[in-house]
Amino acid sequence: MGLFDGLVSKFADATREVTVQHILVEKEQEAVELRKKLAKEKNLAARFGEYAAQYSTCGSAKKTPDAKLAQLRGEPGEMKFRKGQTDKNFEKAAFETAQVGKVAGPIKTKFGYHLMLV
């Protein structure tokens with residue numbers, strides 16, 4: 001691999017964006033119990049936003065698809081970000097360990113405990 005290939009690879013990685021839905025709760029036990037509840041959900045991808053709106057303490061839980069402000073538009077709990085834009089543990093889960101379509105977590109950050117759907 002040449003120098004140019006290495007630079008292109010680093011640039012592509014730095015600009016890669018991920019979209020997740022997440023639920024933020026204060027206590028680990030809350031996250032564990034909620035994850036058990038989510039595991040029973042048959043159509044999790046379609047209903048995750050409902051759970052985020054009901055249980056999450058994060059402002060992203062207030063998003064709606066038809067909001068006029070871009071910052072509030074989207075599915076409840078939805079976040080879009082690149083590497084370096086959020087908590088390291090949250091970022092690592094989103095970019096490296098979470099499996100698409102499956103709940104990841106609880107993930108501990110300085111904000112609390114997250115359950116994440118990529």
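The legends below describe close-up views of a predicted model of one protein chain.

**View 1. The whole chain, as an overview of its helices and strands.**
The protein chain has 4 helices and 4 strands. Read from the N terminus, their order is α-β-α-α-β-α-β-β. The chain has 118 residues, and 38% of them count as buried. Its exposed surface is about 7700 Å², with 53% supplied by carbon and sulfur atoms. Of the contacts between residues at least 6 apart in sequence, 55% join residues at least 24 apart.

**View 2. Strand β1 and its two partner strands, β2 and β4.**
Strand β1 spans residues 17-25, and 7 of its 9 residues are buried. Strand β2 covers residues 78-82 and pairs with β1 in the antiparallel sense over 5 bridges. In this pairing Q21 stands opposite E78 of β2. Strand β4, residues 112-117, is also joined to β1, through 5 bridges, and the two run antiparallel. Here H22 stands opposite M116 of β4. In a regular strand, side chains alternate between the two faces of the sheet.

**View 3. Surroundings of Q21 in strand β1.**
Q21 has a relative accessible area of 12%, and it counts as buried because the cut-off for that class is under 20%. The side chain of Q21 comes within reach of the backbone oxygen of P76, at 2.9 Å. Leaving out residues up to four places away in sequence, the residues that Q21 touches include A45, F48 and G49. Also among them are E75, P76, G77 and E78, as well as L115, M116 and L117. P76 can be placed relative to helix α3 through Q54, which lies in that helix. The C-alpha atoms of Q54 and P76 are 9.4 Å apart, while the two residues are 22 apart in sequence. Unlike the buried Q21, Q54 counts as exposed, at 58% relative accessibility.

**View 4. The largest nonpolar core and the elements that contribute to it.**
This core holds 13 residues. The members that touch the most other members are I23, L34, L38, L44, F48, V103 and L115. Two or more residues each come from β1, α2 (28-39), α3 and β4. Helix α3 gives the most, with 4 residues. Beyond its neighbours within four places in sequence, L34 is in contact with I23, Y51, Y55 and L115. In soluble globular proteins, nonpolar side chains tend to be buried together.

**View 5. A stacked tyrosine pair, Y51 and Y55.**
The chain contains 3 aromatic pairs. In one of them, Y51 and Y55 are stacked, with 6.2 Å from centre to centre and 15° between the planes. Both tyrosines belong to helix α3, residues 44-55, and sit 4 residues apart, about one turn of the helix. Which of the two classes, buried or partly exposed, applies to Y51, and which to Y55? Y51 is buried, with a relative accessible area of 10%. Y55, with a relative accessible area of 28%, is partly exposed.

**View 6. The phenylalanine cluster of F81, F90 and F95.**
F81, F90 and F95 make up one aromatic cluster. The ring centres of F81 and F95 are 5.9 Å apart and the planes stand at 75°, so this pair is edge-to-face. F81 is in strand β2 and F95 in helix α4, so the pair ties together parts that are 14 residues apart in sequence. Both F81 and F95 are buried. F81 also belongs to a second, separate core of 11 residues, which includes V20, A94 and A98 as well.

**View 7. Helix α4 against the strands.**
Helix α4 covers residues 88-97. F90, E91, A93, A94 and F95 are buried within it. The buried residues of α4 pack against β1, β2, β3 (103-109) and β4. D87 caps the N-terminal end of the helix, with a side-chain oxygen 2.9 Å from the backbone nitrogen of N89.

Notes. Residues are numbered from 1 along each chain as its sequence is written. This is a predicted model: local features need pLDDT of at least 70, side-chain atom pairs count only at pLDDT 80 or more; totals for chains, interfaces and linings use all residues. Side-chain values use heavy atoms; hydrogens and water are left out. Buried means under 20% relative accessible area, exposed over 50%, partly exposed in between (1.4 Å probe, protein chains only). Contact means heavy atoms within 4.5 Å. Accessible areas come from the Shrake-Rupley method with a 1.4 Å probe; for residues, only the protein chains shown count as cover. Rings of Phe, Tyr and Trp (its six-membered ring) pair if their centres lie within 6.5 Å; planes under 30 degrees apart count as stacked, over 60 as edge-to-face and the rest as tilted. A nonpolar core is a set of buried Ala, Val, Leu, Ile, Met, Phe, Trp, Tyr and Cys residues joined through side-chain atoms within 4.5 Å. Two strands pair if DSSP finds at least two bridges between them. A polar contact is a pair of N or O atoms within 3.5 Å; within protein, one must be able to donate a hydrogen and the other to accept it, and residues adjacent in sequence count only if both atoms are side-chain atoms.
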